[in-house]
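Me: I would like a close look at one part of this protein: the charged pairs that form salt bridges. Please go through them one at a time, then add what you can on the cysteines and on any single residues worth a look.

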Amino acid sequence: MAAQDTFVHEIRVGWGDCDPARIAYTGRLPAFALEAIDAWWEHYLDGDGWYQMELDRGTGTPFVHMSIDFRSPVTPRHRLMCEVWPAVLGSKSVTFRVNARQDGVLCFEGKFVCVFIAPETFTATPAPEDYREVIEAQLRPE
């Protein structure tokens, strides 16, 4: 088992991500978190993100649960640094945690659960062994 790394994905929050209150639209925050989780997969699966996972590796990972606690507004003033890690690995699911900070301030923290599926039948399937190895090496249980 490899040593745990801290994976952080940087997001540039732009003017178009914001609402009239001059903070990021609420709906953009889950999108930022999902972008960071996709980047986590790319980092740990040698460049293969969700697109390659589904089309080339034959494994989908649709989400079955998302929850976010908002702590501080997200603005375009600073890069959004999204720390991502797997917290729970089930036989057919994985739970990711995302903590997003700007300028060192926690802006939101979220929990995102996805299920491994066979894309052709859209049925749950056990996590592929190579995925399990990658996830187990980075697991930080809650």
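Reply: A search of the whole structure, which is a predicted model, finds ten salt bridges. Three of them are taken in turn here, each with its place in the chain or the exposure of its partners.

One of the ten is the pair D48 and R57, whose closest N and O atoms are 2.8 Å apart. R57 counts as partly exposed because its relative accessibility is 31%.

Another salt bridge joins E109 to R71, with 2.7 Å between the closest N and O atoms. These partners belong to distant parts of the chain, 38 residues apart: E109 is in strand β5 (residues 105-115), while R71 is in the loop between β2 and β3 (80-89). The two ends of this bridge fall into separate exposure classes. E109 has a relative accessibility of 18% and therefore counts as buried, the limit for that class being under 20%. R71, at 48%, counts as partly exposed.

A third pair is R97 with E142, and here the closest N and O atoms are 2.5 Å apart. R97 sits in strand β4 (residues 93-102) and E142 in the segment after α3 (129-138), so this salt bridge ties together parts that are 45 residues apart in sequence. On accessibility, R97 is at 18% and counts as buried, whereas E142 is at 57% and counts as exposed. Salt bridges can also share partners, and in this way D48, R57 and D130 are joined into one network.

Next, the cysteines. The same kind of search over the whole structure finds zero disulfides. For C107, the closest cysteine sulfur is that of C82, at 8.9 Å, which is too far for a bond; a disulfide would need the two sulfur atoms within 2.5 Å. C107 is buried, its relative accessible area being 2%. For C114, the closest cysteine sulfur is again in C82, but at 16 Å, and this too is too far for a bond. C114 has a relative accessibility of 1% and so counts as buried.

C114 also leads to the first of the single residues, since C114 is one of the contacts of T61. T61 is located in the loop between α2 (50-55) and β2 (63-70). With a relative accessibility of 9%, T61 counts as buried. Its side chain makes a polar contact, at 3.1 Å, with the side chain of W50. Neighbours within four places in sequence left aside, T61 is in contact with W50 and M53, and also with C114, V115, F116 and I117. W50 thus appears in both descriptions of T61, as a partner in the polar contact and as a member of the contact list.

The other single residue is P30, which lies in helix α1 (residues 28-44). P30 counts as partly exposed because its relative accessibility is 23%. The C-alpha atom of P30 is separated by 8.8 Å from that of S67, although the two residues are 37 residues apart along the chain.

Terms used:
Residues are numbered from 1 along each chain as its sequence is written. This is a predicted model: local features need pLDDT of at least 70, side-chain atom pairs count only at pLDDT 80 or more; totals for chains, interfaces and linings use all residues. Side-chain values use heavy atoms; hydrogens and water are left out. Helices (H or I, at least four residues) and strands (E, at least two) are DSSP runs, numbered from the N terminus. Buried means under 20% relative accessible area, exposed over 50%, partly exposed in between (1.4 Å probe, protein chains only). A polar contact is a pair of N or O atoms within 3.5 Å; within protein, one must be able to donate a hydrogen and the other to accept it, and residues adjacent in sequence count only if both atoms are side-chain atoms. Contact means heavy atoms within 4.5 Å. A salt bridge is a side-chain nitrogen of Lys or Arg within 4 Å of a carboxyl oxygen of Asp or Glu.
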